[in-house]
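Me: I would like to go through the labels given to parts of this structure. For each label, please set the value against its cut-off.

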Amino acid sequence: MEGMAYGAGKAGGAFNPITFFQQPHTILRILSWFFSIVIFGSIANEGYVNRPDEAQEFCIFNRNQNACNYGLFMGTLAFLCCLAFLALDVYFPQISSVKDRKKAVLADVGVSAFWSFMWFVGFCFLTNQWQVAKQEDNPLREGGDAARAAITFAFFSIFTWGGLTLFSMERLKSVSFEEEYQKLFTPQPPIPLI
C-alpha cells in the first residue's frame, strides 16, 4: 500500500490511470460492473418466454415476474452504483480533507456490504425460482442459458462486492490512522512571549 494517497498530505497529485487500474479495489469494482451488465442484460434479453400457444411473455424464473424484476432492478442499480464509486475512486486522491475521505470510505464500506447482501438474496431467490420452474412453461427450453448466467453472475457478485467491502475496511483503517495522526501531531502555533 506504499505510495497510495490516503492522507491529506498526499492529496492533489496527478492522476495516473495505470496505477489506478492496477489497484485491487478498482479491478473488483470493474468486475462487479461487468457482472451487473451480464445479469440485467441476460434477463432483459432472454428472461421472458412464452409457450407456443400463448402470445404473452412470462418471466423464465417460474413465471414469477418479481424474480425478473428483482434481477433487472438490482443489476441496473449495481451498474449505476459501480459507475458512481469508480468516479469517486478517481476523485479520491484529490480530496484533501481527512474527514471527507473518511465519509467517502464509510459510504463505500456500507454500499459494498449492502450489495454483497443483496446479491446473496438475489442469488437465492433466482436459484429457487429457477429450480421450481416447470418444464411445460418453457417446452422449447428458450432462455435457459441466460437464466443460468444471471444466477451464476449473481453468485460471483456476492464475492466481488464482499471483496470491495474488505478493501474498503482496509482503506478506512488508513484514513482513520491519518485522522488520528493529524490530531496528535498538528503543529501548534508558537505562544507569543510578552
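Reply: The expected span of a helix is 1.5 Å times one less than its number of residues. The model discussed here is predicted.

Me: How do you know that the length of α3 agrees with its number of residues?

Reply: Helix α3 has 27 residues, so at 1.5 Å a residue a span of 39 Å is expected. The end C-alpha atoms of α3 are 39 Å apart, and the two values therefore agree.

Me: What is found at the start of α3?

Reply: There a side-chain oxygen of N64 comes within 3.0 Å of the backbone nitrogen of N66. The limit for a polar contact is 3.5 Å.

Me: Which residue in the loop between β2 and α3 has a positive phi of about 60 degrees?

Reply: That is N62, which is not a glycine. N62 lies between β2 (58-59) and α3 (65-91). R63 is in the loop between β2 and α3 too, and R63 has a positive phi of about 55 degrees, again without being a glycine.

Me: Why are N62 and R63 called partly exposed?

Reply: Buried means under 20% and exposed means over 50%, with partly exposed in between. N62 has a relative accessible area of 22%, so N62 is partly exposed. R63 is at 25% and therefore gets that label as well.

Me: What makes C59 and C68 a disulfide?

Reply: The cut-off is a pair of cysteine sulfur atoms within 2.5 Å. The S to S distance of C59 and C68 is 2.0 Å, and the structure holds 1 disulfide. The angle about the S-S bond is 85 degrees, and the link is right-handed. C59, at 2% relative accessibility, counts as buried, and C68, at 0%, is buried.

Me: How far is the sulfur of C81 from the nearest cysteine sulfur?

Reply: The nearest one belongs to C82 and is 6.4 Å away; C81 is in no disulfide. C81 is at 14% relative accessibility and so counts as buried. C82 is in no disulfide either, with the sulfur of C81 as its nearest cysteine sulfur. At 0% relative accessibility, C82 counts as buried.

Me: Why is the pair of R29 and D108 called a salt bridge?

Reply: The limit is a side-chain nitrogen of Lys or Arg within 4 Å of a carboxyl oxygen of Asp or Glu. The closest N and O atoms of R29 and D108 are 3.0 Å apart, so the pair qualifies. R29 is in helix α2 (residues 24-46) and D108 in helix α4 (residues 98-131); the pair links distant parts of the chain, 79 residues apart. R29 has a relative accessible area of 0% and is therefore buried; D108, at 3%, counts as buried.

Me: Which residues are linked with R29 and D108 in a network of salt bridges?

Reply: D89 and R171. The whole structure has 5 salt bridges.

Me: How many residues apart are R148 and D145 in helix α5?

Reply: They are 3 residues apart, which means about one helical turn. R148 and D145 form a salt bridge, with the closest N and O atoms at 2.8 Å. D145 has a relative accessible area of 59% and is therefore exposed, whereas R148, at 42%, counts as partly exposed.

Me: What makes E170 and K173 a salt bridge?

Reply: Their N to O distance is 3.4 Å, and the limit is 4 Å. E170 and K173 are 3 residues apart in helix α5, so about one helical turn separates them. E170 is at 39% and partly exposed; K173 is at 52% and therefore exposed.

Key: Residues numbered from 1 in each chain as written. Predicted model: local features only at pLDDT ≥ 70, side-chain atom pairs only at ≥ 80, totals over all residues. Heavy atoms only, no water. Helix = DSSP H or I, 4+ residues; strand = E, 2+ residues; numbered from the N terminus. Buried < 20%, exposed > 50% of the residue type's maximum accessible area, 1.4 Å probe, protein only. Polar contact = N/O pair within 3.5 Å; in protein donor to acceptor, adjacent residues only side chain to side chain.
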